[in-house]
Amino acid sequence: QLTSYEAATKSQQLVELSWQTASEKENNYFTVSKSKDGKTFVQLSNLKSKGNTGSSYQTVDFSPYEGTSYYKLTQTDVNGRTEELGIRTVKAKTLKEESLTIFPNPVVNGIIHIQNTTLTGKQKLEIYDLKGQKLVNDFIFFRDNRADYKINKSLSKGIYLLNISNQHQSKIIID
């Protein structure tokens, strides 16, 4: 039983999708799909059910379409029956990776150096995995268009998205 389903731009580069259930009887998983036209959808992510009680879910689209994006939420039971729970739309401006220069990339010893000509002072820094889960939420200080940051959380090898002040985004690789 779905109690809410929302899609909202978190920044110009990403859309956050969240929903909540009051109960989940025989639920296996949820699927979020996206579309440019509201007719032809491609799968964005699958999230396994958290059990029979009500739960909250969240995923992120790191590459929404320019203009309107349509997001369809479906639920699949353990017996394979699928039910569409709703479609939400989000309008976005031009979406592009910002001019962040990050080095070294792949990241060595958890230390990253960031350069950007428009950032100054204290800025919010977030690191997401490719499923949209926020893994790091911290602050960084830019001086002379440059900042250094030590990732204190142990991240497994892979690709992550670095987001600064919900305005600038870049991919980083942990090796």
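Q: Let's start with a place to look: where is Asn-109 found?

A: Asn-109 is in the loop between S8 and strand S9 (111–115). Strands are DSSP runs of E with at least two residues, helices are runs of H or I with at least four, and numbering goes from the N terminus. Before you trust any detail, remember that this is a predicted model: local features need pLDDT of at least 70, side-chain atom pairs count only at pLDDT 80 or more, and totals for chains, interfaces and linings use all residues. Residues are numbered from 1 along each chain as its sequence is written, and side-chain values use heavy atoms, with hydrogens and water left out.

Q: How many helices and strands does the protein chain have?

A: Zero helices and 14 strands, so reading along the sequence you meet β 14 times. The C-alpha trace spans about 55 × 35 × 25 Å along its principal axes.

Q: What share of the residues counts as buried?

A: Buried means under 20% relative accessible area, exposed means over 50%, and partly exposed is in between (1.4 Å probe, protein chains only). Here, 43% of the 175 residues are buried.

Q: Back to Asn-109, then: what is its phi, and is the residue buried or exposed?

A: Phi of Asn-109 is near 55 degrees, which is positive in a residue other than glycine. Asn-109 is exposed, at 63% relative accessibility. Asn-145 also has a positive phi, about 65 degrees, though it isn't a glycine. You'll find Asn-145 in the loop between strand S11 (134–142) and strand S12 (146–150), and it is partly exposed at 32%.

Q: Which residues are joined by cis peptide bonds?

A: Omega is the angle to check. Phe-103 to Pro-104 is cis, with omega near -10 degrees, and the bond joining Asn-105 and Pro-106 is cis too, with omega about 20 degrees. Pro-104 is in strand S8 (residues 101–108), and Pro-106 is found in S8 as well.

Q: How many salt bridges are there, and what does the rule count?

A: Side chains of opposite charge can pair when their charged atoms come close. The rule wants a side-chain nitrogen of Lys or Arg within 4 Å of a carboxyl oxygen of Asp or Glu. That count comes to five. Take Lys-34 and Asp-61, which meet at 3.2 Å, N to O. Lys-34 lies in strand S3 (residues 27–35) and Asp-61 in strand S5 (residues 56–61), so this pair ties together parts that are 27 residues apart in sequence. Both Lys-34 and Asp-61 are buried.

Q: In the salt bridge of Asp-77 and Arg-81, which residue is buried and which is partly exposed?

A: Asp-77 is buried, with a relative accessible area of 9%, while Arg-81 is partly exposed at 47%. Their side chains meet at 3.2 Å, N to O.

Q: Which residues are linked in a network of salt bridges?

A: Lys-124, Glu-126 and Lys-134. The Glu-126 and Lys-134 side chains meet at 3.1 Å, N to O. Glu-126 is buried, at 1% relative accessibility, whereas Lys-134 is partly exposed at 36%.
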